[in-house]
Amino acid sequence: MTPPVHERITMRAALARGWRPVCGLALTWVLVGCAQLPAPGEASSWAGTLGPQAGPDVSAPAAPPVELPAHQEFRTDLDTSPAPALEGVSLATGAPEPKDLWQRIRLGLTMADLDDEVVRQKEQFYARRPEYLTRMAERGRRYLFHVVEELERRGMPAELALLPFVESAFNPQAQSSAKAMGMWQFIPATGKDFDLKQNIFRDDRRDVLASTRAALDFLQRLHDQFGDWHLALAAYNWGPGNVRKALARNEKEGLGLSYPELRMPAETRQYVPKLQALKNILLEPGRFGVALPDLPNHPYFDTVPVDRDMDVTVATRLARISHDEFLRLNPQLNKPVILAAGTEQLLLPFDNAEIFRQSLMRHEGPLASWTAWVVPKTMRPAEAAKQLGMPESQLREVNRLPAKMLVKAGSTLLVPRAAHSDRDVPEHLADNAALLLEPERVAATGRQVRVGKGGESVAALARRHGLKPEQLARWNKTSVNGRFAGGTVVRLSPAPAGGTQLAKAGTGKTSASGSNRKGSSAKAGTKLAAKNSNRPARQASERVAQR
């Protein structure tokens, strides 16, 4: 007889840690009282056919997750007695085992405490928002066990398991104004530094396993640099270069070098106090009138290997879970297809992982209805759709192609897989696929184009439109060796009698009849970009966290 899910989960976790149970009876006795994993939402809705749909599904998989109902309401009439005692005994050491995940985190808290007025303010901020704490905890229940396991394996403070509450409210789809993404909030550049792939098929900054690995690598590196966890956290939020400068400034002025003594932006000043406030609430929830939702001390998800390309709709049917639940565990996916060359494994709720394995063995027929196509030349989406034999609307929807844009040569598009084809997308495309666009340029009336914001040489523009550089230069009264600035309107045919000059290459200026506002705005944008280049590498805010 198959053991209950909580026993199978704990047995697997025990073996992973090197435990060797004496016998199944003893193990079962130790496991008495373990909580059952919550049943996956909408599992029964996939009880029908397990094969792929008749046609490709173009729904975008990266939609924000739907909020789950609160597992447990917060109360204000709580007992303020100490945290509950431990239950169970480790088969490996004989030491008491935590009865739930909250208690396990409490046992691993080793970071020095911060005690100041900002901490008090943040305690009140969270305590006055029980529904916010509930949402965070309900989202975090999927990922928190894995984070705690990784921290223990590395010997890092358990306080860091609370950091995604501060960063993103444990929302793997969260995105900040600085383009930081995922529950650990990596900006694109920092993500690349830690090997988090970002392309049209996936964004590993949202990947549960990859982003957790990268975040803990980053935090370990920062702790090695500064020798202090508070300073490491400040550097995670503000950037290590800024923290070094703040330390050097204080040292030069004979001031202290601890976190509270540094001059830093308000966001970074509040960053560690937020974490400390959550830690204090975890240690004494009753004192703050908070009831923590029950979090069992066993995994929420299991991993299943991906050996062939597979539509997301097929994966959800085989696992018998909802599309939303699938994306909460696999939020890195950008397209309605999973590429085996870029996604080695999927995360599924523990029981559904076994259902998936059994269903996959019995499955007959194709697994994927989509594939990748490299655009051979720059073309309009309508031209590409005609060549592929698919509706332009479908091509635009699945590839998120904006209006009035050309798809440049070398771009990768997601397109329907040919009938009877079983060829999967190769690794170089799965890892490096990009979508490159440029404005259509040709105006609605007349033979004119507007140069893109990056500018373009007279020779290149002429070549692209099948003209001689000498002709283009003459019609626009400029040099053959000149360059049109971004936003310039360029004439592609001789001016009519009495017409006015449209553009002057190299300056981006036009006559009074058509002033080049885009050229000036591009310069303003350049100045703004330069001003923002020193923004912190990591940003988080309560506005982002409450998403």
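## Burial along H9

A residue counts as buried here when its relative accessible area is under 20%. Keep that cut-off in mind for what follows, and keep in mind too that this is a predicted model.

With that in hand, take helix H9, residues 208-226. Its buried residues are Val208, Leu209, Ala210, Ser211, Thr212, Ala214, Ala215, Leu216, Phe218, Leu219, Leu222 and Phe226. The helix runs for 19 residues and covers 27 Å from first C-alpha to last, close to the 27 Å expected at 1.5 Å a residue.

Both ends have something to look at. At the N-terminal end, aspartate 207 acts as the cap, with a side-chain oxygen 3.0 Å from the backbone nitrogen of leucine 209. Just past the other end sits glycine 227, with a positive phi of about 65 degrees.

## H10, wrapped up

Next along is helix H10, residues 229-238, where 10 of the 10 residues are buried, so the helix is largely enclosed by the rest of the structure. That list takes in polar names as well as nonpolar ones, including His230 and Asn237 alongside Trp229, Leu233, Tyr236 and Trp238. And what does the covering of these buried residues include? Helix H7 (163-168), H9, helix H11 (240-252), helix H12 (266-269) and helix H13 (271-283) are part of it.

H10 has its own N-terminal cap: aspartate 228 puts a side-chain oxygen 2.9 Å from the backbone nitrogen of histidine 230. Just after the helix, glycine 239 takes a positive phi of about 105 degrees.

## The nonpolar cores

In soluble globular proteins, nonpolar side chains tend to be buried together. In this model, the largest nonpolar core gathers 73 residues. Those with the most contacts inside it are Tyr126, Leu144, Trp184, Phe186, Leu219, Leu233 and Tyr236. Helix H9 supplies the largest share of this core, at 10 residues.

Another core lies apart from that one; it has 19 residues, with Ile321, Phe326, Leu333 and Ile338 among them.

## A buried aspartate

Now for a charged residue: aspartate 431, in helix H19 (residues 427-432). Is aspartate 431 buried or exposed? Its relative accessibility is 16%, so it counts as buried, given that the cut-off is under 20%.

The side chain of aspartate 431 makes a polar contact of 3.2 Å with the side chain of arginine 202. Leaving out residues up to four places away in sequence, aspartate 431 touches Lys197, Asn199, Arg202, Ala341 and Gly342.

Terms used: Residues are numbered from 1 along each chain as its sequence is written. This is a predicted model: local features need pLDDT of at least 70, side-chain atom pairs count only at pLDDT 80 or more; totals for chains, interfaces and linings use all residues. Side-chain values use heavy atoms; hydrogens and water are left out. A nonpolar core is a set of buried Ala, Val, Leu, Ile, Met, Phe, Trp, Tyr and Cys residues joined through side-chain atoms within 4.5 Å. Buried means under 20% relative accessible area, exposed over 50%, partly exposed in between (1.4 Å probe, protein chains only). Helices (H or I, at least four residues) and strands (E, at least two) are DSSP runs, numbered from the N terminus. A polar contact is a pair of N or O atoms within 3.5 Å; within protein, one must be able to donate a hydrogen and the other to accept it, and residues adjacent in sequence count only if both atoms are side-chain atoms. Contact means heavy atoms within 4.5 Å. The expected span of a helix is 1.5 Å times one less than its number of residues.
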